[in-house]
Amino acid sequence: MDTRAGKEVHDLIGFVGLRAHATAVGLLQLSAELVKAGVLQEDAVTRIKAAIADELELSRPSTVSKAEFDRTTRRRLDRLFAGDEKLAPGPAAEPATETGAHAADRSS
């Protein structure tokens, strides 16, 4: 997806309000079910992860380098799709200060 089309989709998704954990969990489950049924191949999952990473890049904080953001995002997406990492609560649900596992997750 080119940058302009990606931005348009980004704006539409934000307008509809699809940025929710329930939507993300649904996508992860749907992808796993389609792979298990032999409908979705691994290269398709790779393209799905790339589309998600490209979307997230549009909201990258300017204080984080593009290379670091991309590396961290793609690593976490790989872990999510593999079932190795769980979705953390969204920013509205997080406490003001991070401690323990949440702080450790953020640093990886």
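Two residues are in contact when heavy atoms of theirs lie within 4.5 Å. With that in hand, let's work through some exercises on this predicted model.

**Exercise 1. The chain as a whole**

Find how many helices and strands the chain has, and what share of the contacts with a separation of 6 or more comes from residues 24 or more positions apart.

*Solution.*
- Step 1: Begin with the elements. The chain holds five helices and zero strands, and reading along the sequence gives α-α-α-α-α.
- Step 2: Turn to the contacts. Among those with a separation of 6 or more, 55% join residues 24 or more positions apart.
- Step 3: Look at the surface. The accessible surface is about 7,800 Å², and carbon and sulfur atoms account for 60% of that area.
- Step 4: Look at burial. The chain has 108 residues, and 16% of them count as buried.

**Exercise 2. Checking the span of a helix**

Work out what span helix 3 (residues 42-57) should have at 1.5 Å a residue, and compare that with the distance between its end C-alpha atoms.

*Solution.*
- Step 1: Count the residues. Helix 3 has 16.
- Step 2: Apply the rule. The expected span is 1.5 Å times one less than the number of residues, so helix 3 should span 22 Å.
- Step 3: Compare. The end C-alpha atoms of helix 3 are 22 Å apart, which agrees with the expectation.
- Step 4: Try helix 2 in the same manner. Helix 2 also has 16 residues, and its first and last C-alpha atoms are 22 Å apart, close to the 22 Å expected.
- Step 5: Step just past the end of helix 2. There, G38 takes a positive phi of about 80°.

**Exercise 3. Buried or partly exposed in helix 3?**

Sort K49, E55, D54 and T46 into buried and partly exposed.

*Solution.*
- Step 1: Recall the cut-offs. Buried means under 20% relative accessible area, exposed means over 50%, and partly exposed lies in between.
- Step 2: Take K49, a residue of helix 3. Its relative accessibility is 13%, so K49 counts as buried. Leaving out residues up to four places away in sequence, K49 touches L77, D78 and F81.
- Step 3: Take E55, also in helix 3. With a relative accessible area of 15%, E55 is buried. The C-alpha atoms of E55 and H10 are 6.6 Å apart, although 45 residues separate them in sequence.
- Step 4: Take D54, again in helix 3. Its relative accessibility is 42%, so D54 is partly exposed. D54 and D70 are 16 residues apart along the chain, with 8.7 Å between their C-alpha atoms.
- Step 5: Take T46, found in helix 3. At 43% relative accessible area, T46 is partly exposed. Its C-alpha atom is 9.7 Å from that of F81, which is 35 residues away along the chain.
- Step 6: Complete the buried set. Besides K49 and E55, helix 3 has A44, V45 and A53 buried.

**Exercise 4. A residue in a loop**

Locate L58 and find which residues it is in contact with, leaving aside neighbours within four places in sequence.

*Solution.*
- Step 1: Place the residue. L58 sits in the loop between helix 3 and helix 4.
- Step 2: Judge its exposure. With a relative accessible area of 36%, L58 is partly exposed.
- Step 3: List the contacts. L58 is in contact with G6, K7 and H10.
- Step 4: Add a distance. The C-alpha atoms of L58 and T3 are separated by 9.0 Å, while their positions lie 55 residues apart along the chain.

**Exercise 5. The second largest pocket**

Describe what lines the second largest pocket, and say which helix supplies the largest share of the lining.

*Solution.*
- Step 1: State the space. The second largest pocket holds about 230 Å³.
- Step 2: Count the lining. There are 15 lining residues, and L28, L80, F81, A82 and G83 lie nearest the centre.
- Step 3: Find the helices. Helix 2 (21-36), helix 3 and helix 4 (66-82) each supply at least two lining residues, and helix 2 gives the largest share, six residues.
- Step 4: Sort by class. The lining has nine nonpolar, three polar and three charged residues.
- Step 5: Finish with a residue of helix 2, S31. Its relative accessible area is 4%, so S31 is buried. Apart from neighbours within four places in sequence, S31 is in contact with L40, I48 and F81.

Technical notes:
Residues numbered from 1 in each chain as written. Predicted model: local features only at pLDDT ≥ 70, side-chain atom pairs only at ≥ 80, totals over all residues. Heavy atoms only, no water. Buried < 20%, exposed > 50% of the residue type's maximum accessible area, 1.4 Å probe, protein only. Areas by Shrake-Rupley, 256 points an atom, 1.4 Å probe, with all protein chains shown as cover. 1 Å grid on protein atoms, 1.4 Å probe; cavity = no way out; pocket = protein on both sides within 12 Å on 5 of 7 lines; lining within 4 Å. Points joined across faces, edges and corners; volume = space filled by probe spheres on them. Nonpolar A, V, L, I, M, F, W, Y, C, P; charged D, E, K, R; others polar.
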